[in-house]
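Work through the exercises below with the sequence and the model side by side. Each task is followed by a solution that proceeds in steps.

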Amino acid sequence: LPNYLMSPEYESLRSYRQRFHISAEDFARVRSAENEISSDVSFDSANASNISLIESKFGVVNRFWRTPEDFIQKANAVIVSYQGKPASICYAAAEGDKHVEIDVMTLPDFRNLGLGKHAVMEFVNRCFSLSLQPLWDCFTNNSGSMTLCKSTGFVAANAAYPFFTINKIIGNYSKAEISISQTTKYNMELTIGLLTKALADKTGEQYGNEDKPNFSQISKMLQ
């Protein structure tokens, strides 16, 4: 990571994420201590008959996967319903080398009922049954996500790492103009490693601390 990105000038772009992993032993220990699941709670998987409902309730089907079919086949989604209504979902945002990246969401009307934990526990159980290793990255300032992650048996893999967010505005602003305070559907969340690689691929140049472009200039170069 270039040292200049850790300077106060870029603090508004910087947050931190923590990577967590879980062992089969830790998962078994947490699962054995779980209380009996209420009869109001039911579980389902993504399939052709409910994929439209999943998208309408959670809006995640095309967030990381190219097509609904990819989501059905590869996300290993667990949908938790409460009293017959979809309430929470846990699924793989990505898969590679037998590792899957967790994403979880609970609808506002169903929070504080333990449903997110039920979704995660069932998802992790399915992953281990498929010989997949779940991973979970949380923003350290997201206390709810951090608490849920730890409550299901995940432990920190290493120190938190810096994460840079760039919001790209299209509309009343130039394409090259970067906004830190406003987010639109064109929001781009990029790690600095990907941003640097994209710039190098585009320009064929390397930049040192003295001649580095700022983020607005990078945006122009990537057009």
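**Exercise 1.** Is E34 buried, partly exposed or exposed, judged by its relative accessible area?

*Solution.* Keep in mind from the start that this is a predicted model. The relative accessible area of E34 is 29%, and buried means under 20% while exposed means over 50%, so E34 is partly exposed.

**Exercise 2.** Find the residue with which E34 forms a salt bridge, and describe where the two partners lie.

*Solution.* Begin with the closest N and O atoms, which are 3.0 Å apart and belong to K117 and E34. This pair links distant parts of the chain, for K117 is in helix α4 and E34 is in the loop between α1 and β2, 83 residues apart. Next, consider the accessibility of K117, which at 22% counts as partly exposed. As a general point, side chains of opposite charge can pair when their charged atoms come close.

**Exercise 3.** Compare the span of helix α4 with the expected one, and list the buried residues of this helix.

*Solution.* Helix α4 covers residues 115–129, which makes 15 residues. From its first C-alpha to its last, the helix reaches 21 Å, close to the 21 Å expected at 1.5 Å a residue. Going along α4, the buried residues are L115, G116, H118, A119, V120, M121, F123, V124 and C127. Just after the end of α4, S131 takes a positive phi of about 60°.

**Exercise 4.** Trace the contacts that V41 makes beyond its neighbours in sequence.

*Solution.* First place V41, which is found in strand β2 and, at 12% relative accessibility, counts as buried. Leaving aside the neighbours within four places in sequence, V41 is in contact with V80, S81, Y82, L115 and H118. Of these partners, L115 and H118 are also among the buried residues of α4. The C-alpha atoms of V41 and L115 are separated by 8.0 Å, although the two residues are 74 apart along the chain.

**Exercise 5.** Which side chain makes a polar contact with the side chain of T106?

*Solution.* T106 lies in strand β5, which runs over residues 99–106, and with a relative accessibility of 14% T106 counts as buried. The polar contact is with the side chain of S88, at 2.9 Å. Not counting residues up to four places away in sequence, T106 touches A87, S88, R111 and G116; of these, G116 is a buried residue of α4.

**Exercise 6.** Examine two further salt bridges, R29 with D26 and R66 with D70, and then give the count for the chain.

*Solution.* The side chains of R29 and D26 meet at 3.6 Å, N to O. These two residues are three apart in helix α1, so about one helical turn separates them, and D26 is partly exposed at 23% relative accessibility. In the other pair, the side chains of R66 and D70 meet at 3.5 Å, N to O; here R66 is exposed at 72%, whereas D70 is buried at 10%. Salt bridges that share partners also join R19, E101 and D137 into one network. The count of salt bridges comes to eight.

**Exercise 7.** Place these details within the whole chain: how many helices and strands are there, and what percentage of the residues count as buried?

*Solution.* The chain has seven helices and 10 strands, and 37% of its 223 residues count as buried. Among contacts between residues at least 6 apart in sequence, 64% join residues at least 24 apart.

Key: Residues are numbered from 1 along each chain as its sequence is written. This is a predicted model: local features need pLDDT of at least 70, side-chain atom pairs count only at pLDDT 80 or more; totals for chains, interfaces and linings use all residues. Side-chain values use heavy atoms; hydrogens and water are left out. Helices (H or I, at least four residues) and strands (E, at least two) are DSSP runs, numbered from the N terminus. The expected span of a helix is 1.5 Å times one less than its number of residues. Buried means under 20% relative accessible area, exposed over 50%, partly exposed in between (1.4 Å probe, protein chains only). Contact means heavy atoms within 4.5 Å. A salt bridge is a side-chain nitrogen of Lys or Arg within 4 Å of a carboxyl oxygen of Asp or Glu. A polar contact is a pair of N or O atoms within 3.5 Å; within protein, one must be able to donate a hydrogen and the other to accept it, and residues adjacent in sequence count only if both atoms are side-chain atoms.
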